[in-house]
Amino acid sequence: MFDLRYHLASLAAVFIALAVGVLLGVAISGKLSAADNAIAHDRIDQLNDQLKQASARADIIGRRNDAAERLLEISYPSLMEDRLRGDGVGVLFVGPVDGTVRSAVERTLSDSGSGSPVRLLALDTPLDSAELDSALNGDQSLAHYASAGDDFGDLGNQLGKEFVQGDGTATWGTLSSTLVQERSGDTTPPLNGVVVVRSWEPPEDQTAAQAAESSATDSLVDGLMSGLQDSGVPVVGVQTTTAPDTTIDAFRREGVSSVDDIETLAGRVALALLLAGGEAGHYGVKDSATDVAPPVEPVTTPSG
């Protein structure tokens with residue numbers, strides 16, 4: 001498990017060692033008076049003591065991290081067992097499917113008793129607003145969602161609610177060729193929770209056309225996230241530790257709980273706890289995280 005104190009202690013040891021080397025080099029050069037040389041050697045002794053202390057602290061923190069990691073490995077099965085048994089969870093990618101994240105989420109669901117995702121969907125990004133408008137206007141029941149100034153918020157809200165409710169997900173089906181990059185699972189059962197992955201990021205330097213696409217995409221995704229949350233089930237955004245911080249910033253802005261280290265044991269535990277209704281927040285190892293994981297509530301199983 002990541003511990004910033006370990007890295008700070010290690011860096012302190014490195015800098016102290018460098019300072020010792022500099023002073024030794026000056027002393028050896030013979031450019032110091034006898035008095036200055038004595039002072040330099042006293043300073044070297046002090047720095048050597050500090051170096052030993054910093055190295056000892058780094059060693060203790062490192063061993064503490066190893067112990068915490070081992071404890072989590074031992075307790076992981078108990079923390080996860082039946083945590084989500086009977087709960088159907090959907091996975092929504094805003095962008096292409098990320099294999100590493102998908103594997104970590106599926107492992108979480110399997111280890112916690114939920115099984116495979118009920119349904120998985122990857123939104124085709126960026127959005128082609130003209131193509132989407134054409135598809136909407138071509139269906140009388142959806143024409144009222146056609147954009148006004150590339151604003152697809154209402155459509156997104158409907159799609160978010162439908163993703164949770166299931167019942168055939170008719171709107172997704174009608175717009176599949178326009179909106180969906182990848183889709184699997186059962187469209188009928190309602191969901192008890194949703195995992196969201198933001199795998200698409202707009203380019204930093206955008207042309208006017210790209211900026212319009214990004215704006216339309218953002219409006220749809222904002223509505224989508226609102227619709228998911230309006231459905232009343234836990235919604236959790238996840239990413240790996242190497243993903244950009246802008247992803248967590250977006251989840252925070254949208255009021256969605258998040259996990260920033262889904263590829264780790266601690267991240268999988270945090271996701272399972274949040275999907276089980278744990279304390280909302282932003283968890284993981286990055287500066288944006290409020291804690292490693294939500295408080296652990298014991299799993300209660302029906303008596304037999």
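This report walks through the fold, a few core residues and the salt bridges of a predicted model.

**The overall picture**

Let's start with the basics. The protein has 304 residues, and 41% of them are buried. Its secondary structure comes to 10 helices and 7 strands. Among contacts with a separation of 6 or more, 71% join residues 24 or more positions apart.

The strands come together in an open sheet of 7 strands, ordered S3-S2-S1-S4-S5-S6-S7, and the pairing is mixed. Strand S3 (180-185) and strand S7 (282-283) sit at the edges with a single partner strand each, so one side of each has no neighbour in the sheet. At the S7 end, strand S6 (residues 257-259) pairs with S7 in the parallel sense over 2 bridges. Val 259 has Tyr 283 as its bridge partner in S7.

**Strands S1 and S2**

Now to S1 and S2. Strand S1 (residues 89-94) runs parallel to S2, with 5 bridges between them. One partnership to look at is Leu 92, whose bridge partner in S2 is Leu 121.

S2 itself (residues 119-123) is mostly covered, with 5 of its 5 residues buried. Arg 119, Leu 121 and Leu 123 point one way from the strand, while Leu 120 and Ala 122 point the other way. So what sits on the S1 side? Val 91 is a handy residue to click on: it lies in strand S1, and it counts as buried because its relative accessibility is 2%. Its C-alpha atom is 4.7 Å from that of Leu 120, although the two residues are 29 apart along the chain. Leaving out residues up to four places away in sequence, Val 91 touches Val 105, Pro 117, Arg 119, Leu 120, Leu 121, Phe 163 and Val 195.

**Arg 119, Phe 163 and Glu 162**

Two of those contacts of Val 91, Arg 119 and Phe 163, also have a link with each other. Arg 119 lies over the face of Phe 163, 5.7 Å from the ring centre. As for ring-on-ring pairs, the structure holds 0 aromatic pairs.

Glu 162 is found in helix H5 (residues 153-165). With residues up to four places away in sequence set aside, Glu 162 touches Arg 119, Thr 169, Ala 170, Thr 171 and Trp 172. Which side chain of opposite charge is nearest to Glu 162? That is Arg 183, at 6.1 Å, and Glu 162 is buried yet has no salt bridge. The cut-off for a salt bridge is 4 Å between the nitrogen and the carboxyl oxygen.

**Helix H10**

Helix H10 (residues 265-275) has 11 of its 11 residues buried, so the rest of the structure largely encloses it. The buried residues include Leu 265, Val 269, Leu 271 and Leu 275, along with Arg 268. After the helix comes Gly 277, which has a positive phi near 100 degrees.

**Salt bridges**

Side chains of opposite charge can pair when their charged atoms come close. A search of the whole structure turns up 6 salt bridges. Here are three of them:

| Positive residue | Negative residue | N to O distance |
|---|---|---|
| Arg 102 | Glu 182 | 3.1 Å |
| Arg 198 | Glu 254 | 2.2 Å |
| Lys 286 | Asp 245 | 3.2 Å |

The Arg 102 and Glu 182 pair links distant parts of the chain, with Arg 102 in helix H3 (residues 99-111) and Glu 182 in strand S3, 80 residues apart. Arg 102 is partly exposed at 24% relative accessibility, and Glu 182 is partly exposed at 32%. Both belong to a network of salt bridges that also takes in Glu 106.

In the Arg 198 and Glu 254 pair, Arg 198 comes from strand S4 (residues 193-198) and Glu 254 from helix H9 (residues 245-254), so the bridge ties together parts 56 residues apart in sequence. Arg 198 is buried, with a relative accessible area of 16%, and Glu 254 is buried too, at 13% relative accessibility.

Finally, Lys 286 lies in the segment after S7 and Asp 245 in helix H9, so their pair ties together parts 41 residues apart in sequence. Lys 286 counts as buried at 14% relative accessibility, whereas Asp 245 is partly exposed, with a relative accessible area of 46%.

Definitions and conventions:
Residues are numbered from 1 along each chain as its sequence is written. This is a predicted model: local features need pLDDT of at least 70, side-chain atom pairs count only at pLDDT 80 or more; totals for chains, interfaces and linings use all residues. Side-chain values use heavy atoms; hydrogens and water are left out. Rings of Phe, Tyr and Trp (its six-membered ring) pair if their centres lie within 6.5 Å; planes under 30 degrees apart count as stacked, over 60 as edge-to-face and the rest as tilted. A charge sits over a ring if NZ of Lys or CZ of Arg is within 6 Å of the ring centre and within 35 degrees of the ring normal. Helices (H or I, at least four residues) and strands (E, at least two) are DSSP runs, numbered from the N terminus. Buried means under 20% relative accessible area, exposed over 50%, partly exposed in between (1.4 Å probe, protein chains only). Lys and Arg count as positive and Asp and Glu as negative; His and the chain ends are not counted. Contact means heavy atoms within 4.5 Å. Two strands pair if DSSP finds at least two bridges between them.
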